[in-house]
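Reader: Hi! I'm in my first year and still learning to read protein models. Could you take me on a close look at a single part of this one and show me what surrounds it?

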Amino acid sequence: GKTETTKTAKGAAVGGMGAVAYTIISDLGYMPTALSAPDIVPYVVAGLSTIINSVHQFLKNNGIGD
């Protein structure tokens, strides 16, 4: 139902933010070459998404920014 749709949308947004973060870091030249290999990129994006989500949860749980 509605709850699952909301969770899916939030998950997609977090995943998208990981991709955006990867693109920005890569475009700025800060992404190490070893993490830019095509077979590694999905794992790097997933890791960035996890970090972004963790920071978001920390801020939310501590009443910062919401």
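Author: Happy to! Let's start at L35: leaving aside its neighbours within four places in sequence, L35 is in contact with Y22, I40, V41 and V44, where contact means heavy atoms within 4.5 Å. L35 sits in the loop between α1 and α2; helices here (H or I, at least four residues) are DSSP runs, numbered from the N terminus. With a relative accessible area of 34%, L35 is partly exposed. On that scale buried means under 20% relative accessible area, exposed over 50%, and partly exposed in between (1.4 Å probe, protein chains only).

A word on the source: this is a predicted model, in which local features need pLDDT of at least 70, side-chain atom pairs count only at pLDDT 80 or more, and totals for chains, interfaces and linings use all residues. Residues are numbered from 1 along each chain as its sequence is written, and side-chain values use heavy atoms, with hydrogens and water left out.

Now follow two of the partners of L35, Y22 and V44. Both belong to the largest nonpolar core, whose 6 residues are A21, Y22, M31, V44, V45 and L48. α1 and α2 each supply at least two residues of this core, and α2 gives the largest share, 3 residues. A nonpolar core is a set of buried Ala, Val, Leu, Ile, Met, Phe, Trp, Tyr and Cys residues joined through side-chain atoms within 4.5 Å. As a general rule, nonpolar side chains tend to be buried together in soluble globular proteins.

Next, the helix α1. It has 26 residues and reaches 37 Å from its first C-alpha to its last, close to the 38 Å expected at 1.5 Å a residue; the expected span is 1.5 Å times one less than the number of residues. Its buried residues are G18, A21 and Y22, and these pack against α2. Just after α1, G29 takes a positive phi of about 85 degrees.

From the α2 side, let's look at L48 and S49. Apart from neighbours within four places in sequence, L48 is in contact with G18, A21, Y22 and I25. S49, also placed in helix α2, is buried, with a relative accessible area of 10%. Not counting residues up to four places away in sequence, S49 touches V14, G15 and G18.

Two other residues of α2 are partly exposed: A46 and T50. For A46 the relative accessible area is 41%, and for T50 the value is 49%. The C-alpha atoms of A46 and G15 are separated by 7.0 Å, although these residues are 31 residues apart along the chain. T50 and G18 are 32 residues apart along the chain, with 7.9 Å between their C-alpha atoms. Back at our starting point, the C-alpha atoms of L35 and G11 are separated by 23 Å, with the two residues 24 residues apart along the chain.

That G11 leads to one last feature. The largest pocket is lined by K10, G11, V14, M17, I52, N53, H56, Q57 and K60. The elements giving two or more residues to this lining are α1 (2-27) and α2 (41-61), and the largest share, 5 residues, comes from α2.

Technical notes:
On a 1 Å grid over the protein atoms alone, a cavity is a set of points where a 1.4 Å probe fits but cannot get out, and a pocket is an open set with protein on both sides within 12 Å along at least five of seven lines; lining residues have an atom within 4 Å of a point.
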